[in-house]
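Let's look at a protein chain together and ask how each label we give it is earned. Here is the structure to keep in view as we go.

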Amino acid sequence: MPDQGAERRVSLKAGRFTESVIREMTRLANRHGAINLAQGFPNFPAPHFIKVAAHRAIDAEFNQYAITWGSPRLREAIAEKYARHYGWEVDPEREITVCCGATESMISSILALIDPAEQVAVFEPFYENYGPDTVIAGAVPVFVPLDAQRAWAFDYASIETRIREAASRGGLRALILNTPNNPTGRVFSDQELESIAELARRHGFYVITDEIYEHITYDGHRHRPIALLPGMRDRTVTISGLSKTFSVTGWRLGYVIAPADLTGAIRKVHDFLTVGAPAPLQEAAAAALRIGADYYQNLAENYRRRRDLLLAILEDAGFKTWTPHGAYYIMADISQLTDETDVEFVKRLIREQGVAAVPGSSFFSRPELGRQLVRFTFCKTEALLEEVGRRLRKGLSR
Ligand code: PLP
């Protein structure tokens, strides 16, 4: 008899991470009819112009595989967008890869650039995908803390120490930089970007960015791609996408901008992972990216209003909050409200108040670091956020 136990085991890699906590909270929210402020997807319609462009593209028979690394029209539109917004000349033929979301852009880039056992620095708390991404690539994450006491700034000395320690183990290969940041809402300052760039040049590591919230910033904070800093174009892999800017998270459209030699490797990995992003939606995205500056201003202004509304609701309910300067999440401290852990608290919030959030521990390498934190998203209509306010007024303390 063959040994059934041995045949039916799953890979060690798959055993090393759990299902997304955000999806678990979403299921629990659905079961209890709770308002879902856990998962970052808008509950309002995508802009009319992008939907019309998608219908047109399907009718015009853009229904077969696009070129694996992206439709020429979309790559051209991405290059134009970077020239317009950042004065950055990107070569659409050699430096852009269109992927299935920033999600696939990140894993394709990591698999293309990092070998097993190589070290990758990740700021902590982090967007929960980066953990499994490094596991899938067999890479070793090196966590660099962001400091809650200093509004989630990072401490230069602590990053230097981590890099020095990594050097003694063979060197750091890359650093993942997510700005504007999920979950903290921090927009890294020019000075922070300059110090990361200086370290990258000195120690010779790549910076792989996640700039998916580049157009969602508040209070005069502006996103600045680190690739534009002196000496950084050659060592930066810039990732962004359409999900958040155009409220089309289900379209699965993102892209990677990288120097031509790195792009060659990223395109190969991307091809064998997914072949390509949805062809008609790429055509619609090409049209959408040509939208004028007003669109981006309105996007950020609408989110600022929702941010202010949810901040006031959470403060009234007894949370301590950090005001986000970008992205659409609020990190909140629950220690004044309860002795429960983050997970117990969120489960009670879902059951009793009918509001779902994400337990803070899911953003940390060691769960105890996030036990007093929860994250709420405000990418919802003001009417729904007001309903959250009514529900939280029922009282939360325990
Ligand atoms: N990166 C960050 C920081 C995110 O918060 C999200 C979605 O929540 C993503 C990437 C996913 O982007 P995409 O839909 O383009 O895969």
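Q: How do you know which pocket the ligand sits in?
A: The model is a predicted one, and the ligand sits in its second largest pocket. To count as sitting there, more than half of a molecule's atoms must lie within 2 Å of the pocket's grid points, so the ligand passes that test.

Q: What makes a residue count as near the ligand, and which residues come nearest?
A: A residue is near if one of its heavy atoms lies within 4 Å. There are 14 residues around the ligand, and Ala 102, Thr 103, Asp 210, Tyr 213 and Arg 252 come nearest.

Q: Why is the pair between Tyr 213 and the ligand called a polar contact?
A: A polar side-chain atom of Tyr 213 lies 2.7 Å from an oxygen atom of the ligand. The cut-off for a pair of N or O atoms is 3.5 Å, and 2.7 Å is within it, so the name fits.

Q: What about Lys 244 and Arg 252: how far are their side chains from an oxygen atom of the ligand?
A: For Lys 244, a polar side-chain atom is 2.8 Å from a ligand oxygen. For Arg 252, an N or O atom of the side chain is 2.7 Å from an oxygen atom of the ligand. Both distances are within 3.5 Å, so these are polar contacts too. On its own the ligand has 400 Å² of accessible area, and the protein covers 93% of that.

Q: Which helix gives the most to the shell around the ligand, and what kinds of residue make up that shell?
A: Helix α6, residues 101-113, gives the most, with three residues. By kind, the shell has six nonpolar, five polar and three charged residues.

Q: What makes the radius of gyration of the chain agree with that of a compact globule?
A: The chain has 398 residues, and a compact globule of that length would have a radius of gyration near 21 Å. The chain has 21 Å, so the two agree. Within it are 14 helices and 14 strands.

Q: Which peptide bonds are cis, going into Pro 180 and Pro 183, and where do these prolines lie?
A: The bond from Thr 179 to Pro 180 is cis, with omega near -10 degrees, and the bond from Asn 182 to Pro 183 is cis, with omega near 15 degrees. Pro 180 lies in the loop between β6 (172-178) and α9 (190-203), and Pro 183 is in the loop between β6 and α9 as well.

Notes
Residues numbered from 1 in each chain as written. Predicted model: local features only at pLDDT ≥ 70, side-chain atom pairs only at ≥ 80, totals over all residues. Heavy atoms only, no water. Polar contact = N/O pair within 3.5 Å; in protein donor to acceptor, adjacent residues only side chain to side chain. Areas by Shrake-Rupley, 256 points an atom, 1.4 Å probe, with all protein chains shown as cover. 1 Å grid on protein atoms, 1.4 Å probe; cavity = no way out; pocket = protein on both sides within 12 Å on 5 of 7 lines; lining within 4 Å. Helix = DSSP H or I, 4+ residues; strand = E, 2+ residues; numbered from the N terminus. Nonpolar A, V, L, I, M, F, W, Y, C, P; charged D, E, K, R; others polar. Rg over C-alpha atoms; globule rule 2.2 N^0.38 Å.
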